[in-house]
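Let's take a friendly walk through this model, starting with how the protein chains meet and then turning to the DNA.

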2 protein chains.
Amino acid sequence: MTTEPQVPGVVVERLPQYLRALSHLQEIGLEVISSQQLGEFLQATPAQIRKDLSYFGRFGKQGRGYSIPNLLLQLRRILGLDQTWNVAVVGVGRLGRSIISYPGFEPEGFRVVCAFDSNSQVIGQMAGGLLVNDFANFREVADAEGVKIAIVAVPAGVAQDVIDQLVEAGVKAILNYAPKSTIVPNGVRIQNVDPVVSLQSMTYYLNPHANGEVGEAEA
Amino acid sequence: MTTEPQVPGVVVERLPQYLRALSHLQEIGLEVISSQQLGEFLQATPAQIRKDLSYFGRFGKQGRGYSIPNLLLQLRRILGLDQTWNVAVVGVGRLGRSIISYPGFEPEGFRVVCAFDSNSQVIGQMAGGLLVNDFANFREVADAEGVKIAIVAVPAGVAQDVIDQLVEAGVKAILNYAPKSTIVPNGVRIQNVDPVVSLQSMTYYLNPHANGEVGEAEA
DNA sequence: TAGATTGTTAATCGATTAACAATC
DNA sequence: TAGATTGTTAATCGATTAACAATC
């Protein structure tokens, strides 16, 4: 059944970086780029870039490099970004509202189409142009909207419970803003956005006792 | 000069997860935990937890496990969280404002003490209880406040330029919300918060063509 | 003491990189 | 063609895990 070799997760997580870099390079007028040049731009080795891409096909030309428009097209196809994804936001507090209003999703093909809360004070209100639904109706609303991706912005205490219900309702990918590590079953993806955790690993290196390896960037 | 062995970055990035888990376990009344139990809770192997901790000392007791209060204390010390860190926010647009007002930083020891923008419409305004300073005065204000950590929430187009100036002014750790991969010199840490990139790597697995390894969680 | 669990070593596993034949 | 750069293999590097003596 599988034809492609198994792709390491770490490779998949680099592809959006390549996409972003290539979009930028296209904007500044480049049409072709070598793995060497792209590596310099992204602070990665040329070998890594060639190997990563080789999991998915042969996109380059020897002696020349990669066509930027073509590689963009290929990466978008590989990542499933050649379509628009409808997204639900769960939790319409301060954070949820700012996620709904964040202008960075739409141009990348992620459209927030529905919002949910379980607080009756909030249900029925408008938030960023969306009517806030009762979370109890998640499944039917999400089904009607074709939602497979949810963004969770609820308090830590209820995050696992909310996520369980999302999974139960058929959500396949979750972007979790709740400061809590949560568990999802096989077949469901989750990514946590947690600025505090990001800060906490940097302070390690600010400590004088940390003879830590210096200057390592993180994507 | 070095006494501790060099600690892999991937280990340092797991410590905040341990911290968060242990705080939770303490709240629900536990006082001691084995690497086995903590591993189940965090979906990690007991061997990994023991090895990670062993980079920093011997915190457990054979036959018994780890004292949760003691391990919390040790981890906070190791990560440099036994102090309050003053933080600057750069860029007071929609996103910057919601970062300034985010209530999750203060209880973890990160205090937003100053805010900057370069738009004269915004300079002098109040945002979340802070007066917005001119970014041109970053160095003197940041020095006066003892700021070593900055949170960047500026448009992608100016992110690299702003970050260069922060580095120049002596900032040692940057939490970057601009959707742009940026470069910092050795000795400066950077972590990117980019929800679009997180979504883009999950959509890969939502595609039918992705025979991808299913159910792999990400911290 | 007997049972449990640590801290650490050595083995395994997987990811990165150097090198180079193929080829544009 | 000559020069450049890919795609891929094999070597290296580093992280994870299994196993177990030490010991609470």
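Buried area is the accessible area, taken with a 1.4 Å probe, that two parts lose on being put together, summed over both. Please keep in mind that this is a predicted model. By that yardstick, chain A and chain B bury about 7300 Å² between them, and carbon and sulfur atoms account for 59% of it. On the chain A side, the residues that lose the most area to chain B are A:Arg20, A:Arg189 and A:Gln200, which together make up 11% of what that side buries. The contact draws on 75 residues from chain A and 75 residues from chain B.

**Between the two chains**

What links the chains in the way of charged and polar pairs? There are two salt bridges between chain A and chain B. B:Arg20 forms a salt bridge with A:Asp194, where the closest N and O atoms are 2.1 Å apart. Ten residue pairs, with both partners at pLDDT 80 or more, are in polar contact across the interface of chain A and chain B.

Several elements of chain A each supply at least two residues to the side that touches chain B, including helix 1 (9-27), helix 4 (68-78), strand 10 (189-192) and helix 8 (195-206). Helix 8 of chain A gives the largest share of that side, twelve residues. Sorted by class, the residues of chain A's side are 36 nonpolar, 26 polar and 13 charged.

**Around DNA strand D**

Now for the DNA. DNA strand D is surrounded by 24 residues, and the closest are A:Ser35, A:Arg50, A:Gly60, A:Gly63 and A:Tyr66. Of the strand D atoms within 4 Å of the protein, 64% belong to sugar or phosphate, and the rest belong to bases.

Here are three atom pairs between protein and DNA strand D:

| Residue and atom | Atom of DNA strand D | Distance |
|---|---|---|
| A:Gly60, polar backbone atom | phosphate oxygen | 2.8 Å |
| A:Gly63, backbone N or O atom | sugar or linking oxygen | 2.9 Å |
| B:Gln48, side-chain N or O atom | sugar or linking oxygen | 3.4 Å |

Which elements give two or more residues to the surface near DNA strand D? They are helix 3 (46-54), strand 2 (60-61) and strand 3 (65-67) of chain A, together with helix 3 (46-54) of chain B. The largest share of this surface, four residues, comes from helix 3 of chain B. By class, the surface near DNA strand D holds four nonpolar, eleven polar and nine charged residues.

Note on methods:
Residues numbered from 1 in each chain as written. Chains lettered and ligands numbered in written order. Predicted model: local features only at pLDDT ≥ 70, side-chain atom pairs only at ≥ 80, totals over all residues. Heavy atoms only, no water. Contact = heavy atoms within 4.5 Å. Salt bridge = Lys/Arg side-chain N within 4 Å of Asp/Glu carboxyl O. Polar contact = N/O pair within 3.5 Å; in protein donor to acceptor, adjacent residues only side chain to side chain. Nonpolar A, V, L, I, M, F, W, Y, C, P; charged D, E, K, R; others polar. Near = heavy atom within 4 Å.
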